[in-house]
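The following exercises concern helix packing, strand pairing and model confidence. Please inspect the structure before reading each solution.

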Amino acid sequence: PLRAGLSANLADVLFNASPDAILFVDHADCVAQANPAACQLFGAPREVLVGTPWADWLVDGVPRLAAPAASAADHPAVEPAAAPSGQSFFIPTLRLRNWTASPGPESVILAEATLTPLKESDLALLVVLRDITERRRLEQDVLEVSCREQRRIGQDLHDSFNQHLTAISFSSQILREKLAARAIPEVEDAEKIVGLMNQVIIQTRQLARGLHPVELERKGLAAA
């Protein structure tokens, strides 16, 4: 039963209509029931899913279940069969096999999983899976765009802004030398400007190196 007091008909409706993939695993660690969303997720018909070891559909094997963070020290991770009955365990990422895809990266499905042991039932485990493959792909795309933009900013700092600062620093040094040659009192102000410009150049180099370290080190930012 999905829930005490829930009618069999309503339980079947919820099971079959759920947008999340739902598997029931028996005490032999085989898939006993699979809803339509599970068949769609794995790309396999129900007759293929049901009766097979559920570990066969997991790229990394059956996960160990960790206790909540507050009690993790007293309750180390355990196999699903040894987990407390009725306590749900959330797994942020499970790698699943796609039955229809050829072996390779494209055959791997990423899913969030909630596993609930059912020790007092004829079934051993309730598994609820939510496909996050597209979400992770989009997250990776955003990360790559962010990294490219970061590298571009670092390169701009190196190729443009830092060069302008260096030119201003040289001009300031020339001005300081001219003021010193004429014994003009403002030479001290010119020396402060040169010192400040040199500090800004050093900070800019460090910032550019942090934003785009590999490429800029290869091109020799320190000598820029």
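**Exercise 1.** Determine how helix α4 and helix α5 pack.

Solution. Step one: α4 spans residues 133-181 and α5 residues 187-211, helices being DSSP runs (H or I, at least four residues) and strands likewise (E, at least two), numbered from the N terminus. Step two: in this predicted model, their axes lie 9 Å apart at an angle of about 165°; axes are lines fitted to C-alpha atoms over the stretch in contact, with angles from 0 to 180 degrees between N-to-C directions. Step three: α4 and α5 are therefore roughly antiparallel, the term for angles over 145 degrees. Step four: their crossing is left-handed, meaning that the near helix is turned anticlockwise from the far one by less than a right angle.

**Exercise 2.** Identify the pairing partners of strand β4.

Solution. Step one: β3 (residues 89-97) pairs with β4 in the antiparallel sense over seven bridges, where pairing requires at least two DSSP bridges. Leu96 has Ile109 of β4 as its bridge partner. Step two: β4 also pairs with β5 (residues 123-131), antiparallel and over seven bridges; here Ala111 is matched with Asp131 of β5. Step three: seven of the 10 residues of β4 (residues 108-117) are buried, that is, under 20% relative accessible area with a 1.4 Å probe, protein chains only.

**Exercise 3.** Assess the confidence of the model.

Solution. The average pLDDT (the predictor's confidence in each residue, from 0 to 100) is 79, and 78% of the residues score at least 70. Residues 68-76 fall below 50. Where pLDDT is low, the predicted coordinates should not be read in detail.

Residues are numbered from 1 along each chain as its sequence is written. Local features need pLDDT of at least 70, side-chain atom pairs count only at pLDDT 80 or more, and totals for chains, interfaces and linings use all residues, while side-chain values use heavy atoms, leaving out hydrogens and water.

Conventions. Contact means heavy atoms within 4.5 Å. Buried means under 20% relative accessible area, exposed over 50%, partly exposed in between (1.4 Å probe, protein chains only). Angles under 35 degrees count as roughly parallel, over 145 as roughly antiparallel, 65 to 115 as roughly perpendicular and the rest as oblique.
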